[in-house]
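Open the model in your viewer and keep the sequence panel visible. The stops below say what to select next and what is there.

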Amino acid sequence: MMTTMERDALARTIYQRTHLTGEFVLRSGAVSTEYFDKYRFESDPVLLRVIAEALAPLVPSGIDGLAGLELGGVPIATMLSQVTGLPAFFVRKQPKTYGTCQLAEGGDFEGMRLLVVEDVVTSGGQVITSCGDLRDRGATVEHAVCVIDRESGGPAGLLANGIELRALYRMSELTG
């Protein structure tokens, strides 16, 4: 478990590495003057490892596997898999139209309790969609984790769909 000082230092590092200002259209369609370019922490193996170690205590007991959402959730799920020993699955927005035609790669997850892994959550729309897709294919999905909750309705929207979001940081913790 991280100390308060370590947690604050990680927040500062994430903010310094990823925070951009300007005008950005988010996946949700909302326009923001702030953007967290999460690929700047996902592409840094040392920082990604520290983030995964910080996320590990947020993994609920009884989880059988990690479901990393395309694209940003995949490196986080991979590193979190290394830290926790849980298998990782890689979930597409749409099933492949060739080869195995799978929605998710990494093996059969039917009957498993999966934890959805995402980088940044705004409205939670993609998490809700992906959880529904995983449930339709036989997985139990009741929890999701993310590195940054933009505090734009994501947790409430997810909860309305039976998904508890556990965020490493809320946006206000990074910008405050």
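Select R113 and E142 and show their side chains: the two make a polar contact at 3.3 Å. This is a predicted model. R113 sits in strand β6, which covers residues 113-121. Now add G62 to the selection; its backbone oxygen is reached by the side chain of R113 at 3.2 Å.

Is R113 buried, partly exposed or exposed? With a relative accessible area of 27%, R113 is partly exposed, because buried means under 20% and exposed over 50%. Leaving aside residues up to four places away in sequence, R113 touches S61, G62, I63, D64 and G65, and also T140, E142 and H143. For a distance check, pick the C-alpha atoms of R113 and A88: they are 12 Å apart, with the two positions 25 residues apart along the chain.

Go next to H143, one of the residues that R113 touches. H143 belongs to strand β7, residues 140-149. Its relative accessible area is 12%, so H143 counts as buried. Show E164 as well: the side chains of H143 and E164 make a polar contact at 3.4 Å. To see what surrounds H143, select P60, then R113, L114, L115 and V116, then I163, E164 and R166; H143 touches each of these, with residues up to four places away in sequence not counted.

Move to D44, in the loop between α2 (39-42) and α3 (45-55). D44 has a relative accessible area of 18% and is therefore buried, the cut-off being under 20%. Which side chain is joined to that of D44 by a polar contact of 2.4 Å? Select R17 to find it. The side chain of D44 also has a polar atom 3.0 Å from the backbone nitrogen of V46.

Finally, zoom out and colour by secondary structure. The protein chain has seven helices and eight strands. Its C-alpha trace spans about 40 × 35 × 30 Å along the principal axes. The radius of gyration is 16 Å, which agrees with the value near 16 Å for a compact globule of 176 residues. Of those 176 residues, 44% count as buried. Among contacts with a separation of 6 or more, 60% come from residues 24 or more positions apart.

Switch to a surface view: the accessible surface is about 8,500 Å², and carbon and sulfur atoms account for 51% of that. Colour by charge as a last step; the mean positions of the 16 positive and 22 negative charges lie 2 Å apart.

Notes: Residues numbered from 1 in each chain as written. Predicted model: local features only at pLDDT ≥ 70, side-chain atom pairs only at ≥ 80, totals over all residues. Heavy atoms only, no water. Helix = DSSP H or I, 4+ residues; strand = E, 2+ residues; numbered from the N terminus. Rg over C-alpha atoms; globule rule 2.2 N^0.38 Å. Buried < 20%, exposed > 50% of the residue type's maximum accessible area, 1.4 Å probe, protein only. Contact = heavy atoms within 4.5 Å. Areas by Shrake-Rupley, 256 points an atom, 1.4 Å probe, with all protein chains shown as cover. Lys, Arg positive; Asp, Glu negative; His and termini not counted. Charge placed at Lys NZ, Arg CZ, Asp CG, Glu CD. Polar contact = N/O pair within 3.5 Å; in protein donor to acceptor, adjacent residues only side chain to side chain.
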